[in-house]
Structure formats: C-alpha cells, structure tokens
Amino acid sequence: MARDSGGGAEQKRRTPGKQDAEQEEAQASPDIQEKGEELKEELDALLDEIDDVLEENAEEFVKQYVQKGGE
Amino acid sequence: MAITKVMGIETEYGITVPGAPDSNPVLASSLLVNAFSGRGRKVRWDYEEESPLRDARGFEAAREPETPAEDDLGLANVILTNGARYYVDHAHPEYSSPECLDPRTLVAYDKAGERILAESARRAAELAPGGRRIQVYKNNTDGKGTSYGTHENFLVDRATPFARIVRDLTPFLVSRQVFAGAGSLVRDHHDGSVAFQIAQRSQFFEVEVGLETTLKRPIINTRDEPHADPERYRRLHVIIGDANMNEVAIFLKTGALAIVLNMIEDGAIPGDEWQLANPVQALRAVAKDPTLRTTVERKDGRRLTACELQWHYLDAAKTYLKDRETSHWQVEVLERWEAVLALLEEDPLKAARTVDWASKYQLMQQIADRDGLEWEDAKLALVDLQYHDVQLDKGLYYRLAAAGRVERLVAEQEITTAVTEPPADTRAFFRGRCLARYAPQIAAAGWDAIIFDIGRETLQRVPMLEPTRGTAAHTAAVLDASPTAEDLIRNLQS
C-alpha cells in the first residue's frame, strides 16, 4: 500500500538486464538443468494428455460449432 | 455514497450437438434446463418486476429490441435451490448466479454454473435419442462472427449520477481485459489469416453507451432494471466481459470492479483526467496485442498502455481504501491486482496461472511449437474452443488445473455446495430455501419476489426488494419455524 498514486506510467517495475544475467548463471547449474528437463517432460506429458482428450477431426468439429446470437 | 456491492454474473453458454449440426439450439437448451430441473415441480419465473427496456438515462425505449417471449413458448425457466436462475435465453442455456456479497463467494457460484451445465448435459444424454450428446462451452463466441454474453451485475447507489459512472468506469472497462480476457483466435475476413486477441468480446463492441446488448453493443449498458427499490438503487448491468474459467480471474475482475464502483459512488476517481480519446477504438486495439505494449490515447493527449491505465485505478484504490475499514476480500483484491499487473508488464505469459487468455495463449504456443503448426491450423481453433468445455475430463482449462498449471481459489467442495445451497448473506438465501422447502406451493418467483399459492382466494406475494435482507440471519429462524408454506405466510404476516 506504499505505492504513490497516479504515477503508473513513469514507474519502472523491472530490471530486465539483471534478470537475464541471473538466468544465464542459473542455466550453468546442473541442478537447474535437471529441473529444466523435468519440466519439459511434464509439459510433454500434459500435451500428450491434451491430444488424447481433444475432439477428433478438429476441422469438422470447429466448423460445426455455429452459435446463434444471445444476450 | 458507497454502498454494499451486491453482485452476480449471468452466463449464456455455447452449445453444440456433435454430428448433428442442424439440431435446434433452442430445444437443446431447453432439454438441458429440463434435464437438470426435471425432478420436482418447476417454478415459473415472475416477470412482474422486469423492465429490460427502461433506460438508466431516464426514458423507456419505444421499440422492443428483446422481447421476453420465452415464457410464452413454454421454454424452460426455473429457479434453483441455490438461488440462481437457470433458463433458456434466445438459443442458449443461461445461468444467472444468485446475489453474492463478495467476489470470492461469487467465484464459487459462477463455477457452480459450470458444474450445473455439465450435469445437465450428462442427464440430457440419458434422455436424448440416438446417443446424441449436447456439449457445453463457457465462452462468448463461435469464431464465426457471433457473440453471446456474460453479464456482471452490481448494486449501485441511485444517487450516483449515471454520467459519472460512464465517465469514470469506461477507461477501467477498456483496460480490464488485460487480466479478465479469455482470449480467442480471430480470423481476418479479407485474407483468412488468424491472430490471437486477448479478449473474446472486445471485437463485438461498437459504441460507448447504450441500451442494446445484441447489436451496436455499448461499453456501458444503460439497462435500468434494478430488481430492487428503484428509489435507492440501480443495478449496473456490465455487458463487456468474457466468461472466465480461471477462478482468480473471476475474483479479480468482479472484485476490482466492485471497489472501483465504490470509488465512483464516493467521487474518488479523477474522471476528467482519465478520459480516453476514443474508448471503442482503444478497447479493440488493446485486445489485438498480446504483448500488451499498445498504447491508447487519452483526451489530454497522453498515450498509455492498458496496464498503465489499470495501475492508475489500482493506485487510486489503495489511496481510497487506506483510511477506510476494509474487508478481507478488498485487501486480497488489491494484492492480486498488483501482482497480476506486475507480471503482465514483465511478460504476459508469466500471468498464465491466473489469467485465462495468457493460459490459453501459452498452451496454443506450446502445441504449435511441438507440432509445427501455423496459427491457422484447425487444431489450435479446437484448443481455443475446448479450453471452455465444461466437462471436467475434457475441458482443457480443467486439464491445466489438474496438472497444477493454474491457480485455484476455492475448494471443489465449496463449488459442490454452491450447486445446491444458497449464499447465506443476501436475499438469495430466502429464495433458495423457499424453493428447497415449499416448491409445490410456489406459483412463481423472481429476483425480488416469491409468489405462493397456498389455496387461498388470492396468491400471496412475498416481496424481497432489499437484496441485503432475506439472509440466513434474517430468515433462518422463521423458515425453521415454518414446516409448510402456509406456516411461513402466517409467520411472515404476524
């Protein structure tokens, strides 16, 4: 609650340079590398799972989804 | 003067019958509502206090843009024991949440709507011929030029000039989509190319203020139908917003708007300074840019991003609430509002856990990267649609939630409870409880009245004009002391 009022436009809220440097450093660590591979495996598993639940014949399914107006 | 923000969300759901593209959507919608409410007697909706043509600017529309003829056609239109209205509106099943006093409760009741639609589809499949299934989507466009609505409602002090609401709220609604948008792929009619927009509804808005909801949609809707004492209240009918799957997004979009409305009632927004040069153009420009770097022009000539417009509202809200007694939810809204704006400015995809459009956009990018797809690929259009499927095992939002990739706000048990139980702290409590206990003796019911038929010569109308009365605190005792509707009427009259 300490932010001043009305100055949103002028305020700098991040320091990209510093963050990038930190990221590079992080990539060098084997722990993080392992973590990165783990995350990729998780993502692959999720995308496979999504492939399994997606409707068959995407083009036809999307084409048939036609709604009347509402409200 | 700032008043308690009673709030609710109405959602028209999209429906399709796979393999039967020519099936009648009105009948399919009816089937859904009837399948869910089939058990027990159906209670008719009471239209007496409805006046959708009354305009907040002080006149009544001469013609009827939307005729409430549904009831004449005998279409499904019921009240649920949780205090919600569930009915067929045009060619869609619509769920109108019960009145809630805080955005967190509203999240539970809005999510309860998804569960009710999913259960309706499951029951309808058992009734439907030939194993046909109706599939239901909580979204706002079919991607072919048609939109259907998600409307939020807020109780506002009648003494607040409507012109002030228009002035002070418009820049907020134009920029709110950065965290409230559900995102969609939009096809260019000229060259067939496809681009991602951060909000589904923004492209469908054409004017700044007006009474219409189906054509020439306005950023500020003037429908003046308070469903409450018209001398004291208006009900602001906010038609510009997407249906959200993400619980945090529902919480934040309604919570932030509730705080902003309190500020407007108290004259705490520097409205003149914040005016946009062209709100409709700004709305569309912001929607088209998932990097959120697009700037829009204010009347004073300054150009700001949508996030910057939101920071101004947030900063003003902090100042406004600093010296006031705040509730838990208001504190949480301020914290979440700040957190999401910081993430969105850093990298919009970092907000994917709490922002629907970012979540969906990220998923589309991941699928496109893995499969080597162009944005025009039908598979991505399907992802766009199926993100909103209300079936827990098929809806992609739910798959992301199950994988821990989105943040949830309410426990599943709270949602399950909200399917059947009314909120305790508004008149929805009395409505829902009466429905649960005395349905056979209820001739009709609406937002602000219940009409009983207890075998007397005339029907007995119980008015509920004050949304903050009829709560558990006010009425649980009299309901408990009234085993029958006759008892209830007698006890209320004594």
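Visitor: Which residue in β13(B) is the bridge partner of F154(B)?

Guide: That's L236(B). Keep in mind that we're looking at a predicted model.

Visitor: What makes β8(B) and β13(B) a pair of strands?

Guide: Bridges do. Two strands pair if DSSP finds at least two bridges between them. Here six bridges join β8 (residues 150-157) of chain B to β13(B), so the two strands clear that cut-off. They run antiparallel. As for what holds strands together in general, they pair through backbone hydrogen bonds.

Visitor: Which sheet do these strands belong to, and in what order do its strands come?

Guide: An open sheet of six strands in chain B, ordered β4-β5-β6-β1-β8-β13, with antiparallel pairing.

Visitor: Why are β4 and β13 of chain B called edge strands?

Guide: Each of them, β4 (77-79) and β13 (233-238), pairs on one side only. Across the sheet, neighbouring strands are turned by 20 degrees against each other on average, direction ignored.

Visitor: What packs on the sheet?

Guide: Helix α1 (residues 25-37) of chain B does, touching β4, β5 and β6 of chain B. The direction of α1 makes about 160 degrees with that of β5(B). Then there's helix α2 (residues 103-127) of chain B, which lies across β1, β5 and β6 of chain B and runs at about 150 degrees to β6(B).

Visitor: Why are α2(B) and α5(B) called oblique?

Guide: Their axes come within 9 Å and cross at roughly 130 degrees. Roughly antiparallel needs an angle over 145, and roughly perpendicular covers 65 to 115. The value fits neither range, so α2(B) and α5(B) are oblique to each other. Their crossing is right-handed.

Visitor: Which residues meet there?

Guide: From α2(B) you have P103(B), R104(B), L106(B), V107(B), D110(B) and K111(B); from α5(B), E247(B), I250(B), F251(B), T254(B) and G255(B). They divide into five nonpolar, two polar and four charged.

Visitor: How do you know whether α3(B) and α6(B) are roughly parallel or roughly antiparallel?

Guide: Check the angle again. The axes of α3 (residues 162-175) and α6 (residues 279-287) of chain B come within 9 Å and cross at roughly 20 degrees. Angles under 35 degrees count as roughly parallel, and therefore that's what α3(B) is to α6(B). Handedness? The crossing of α3(B) and α6(B) is right-handed. T170(B), L173(B) and V174(B) of α3(B) make the contact with P279(B), A282(B) and L283(B) of α6(B). The tally is five nonpolar, one polar and no charged.

Visitor: What makes up the contact of α13(B) with α15(B): nonpolar, polar or charged residues?

Guide: Six nonpolar, no polar and no charged. F430(B), C434(B) and Y438(B) in α13(B) meet A485(B), L488(B) and L492(B) in α15(B). Those helices pack at an angle of about 140 degrees, with their axes 10 Å apart.

Visitor: What is the mean pLDDT of chain B, and where is the pLDDT below 50?

Guide: Chain B has a mean of 93, with 94% of its residues reaching 70 or more. The stretch below 50 is residues 63-73 of chain B, which has 18 contacts beyond near neighbours in sequence.

Visitor: Which elements of chain A have the lowest and the highest mean pLDDT?

Guide: Helix α1 (residues 16-28) of chain A has the lowest, 50, and helix α3 (residues 58-64) of chain A the highest, 97. Chain A has a mean of 74, and 61% of its residues reach 70 or more. Over residues 1-19 of chain A, pLDDT stays under 50. The model scores ipTM 0.91 and pTM 0.91.

How values were computed. Residues are numbered from 1 along each chain as its sequence is written. Chains are lettered from A and ligands numbered from 1 in the order in which they are written. This is a predicted model: local features need pLDDT of at least 70, side-chain atom pairs count only at pLDDT 80 or more; totals for chains, interfaces and linings use all residues. Side-chain values use heavy atoms; hydrogens and water are left out. Axes are lines fitted to C-alpha atoms, for helices over the stretch in contact, and angles run from 0 to 180 degrees between N-to-C directions. Helices (H or I, at least four residues) and strands (E, at least two) are DSSP runs, numbered from the N terminus. A crossing is left-handed if the near helix is turned anticlockwise from the far one by less than a right angle, and right-handed if clockwise. Contact means heavy atoms within 4.5 Å. Ala, Val, Leu, Ile, Met, Phe, Trp, Tyr, Cys and Pro count as nonpolar, Asp, Glu, Lys and Arg as charged, and the others, Gly among them, as polar. pLDDT is the predictor's confidence in each residue, from 0 to 100.
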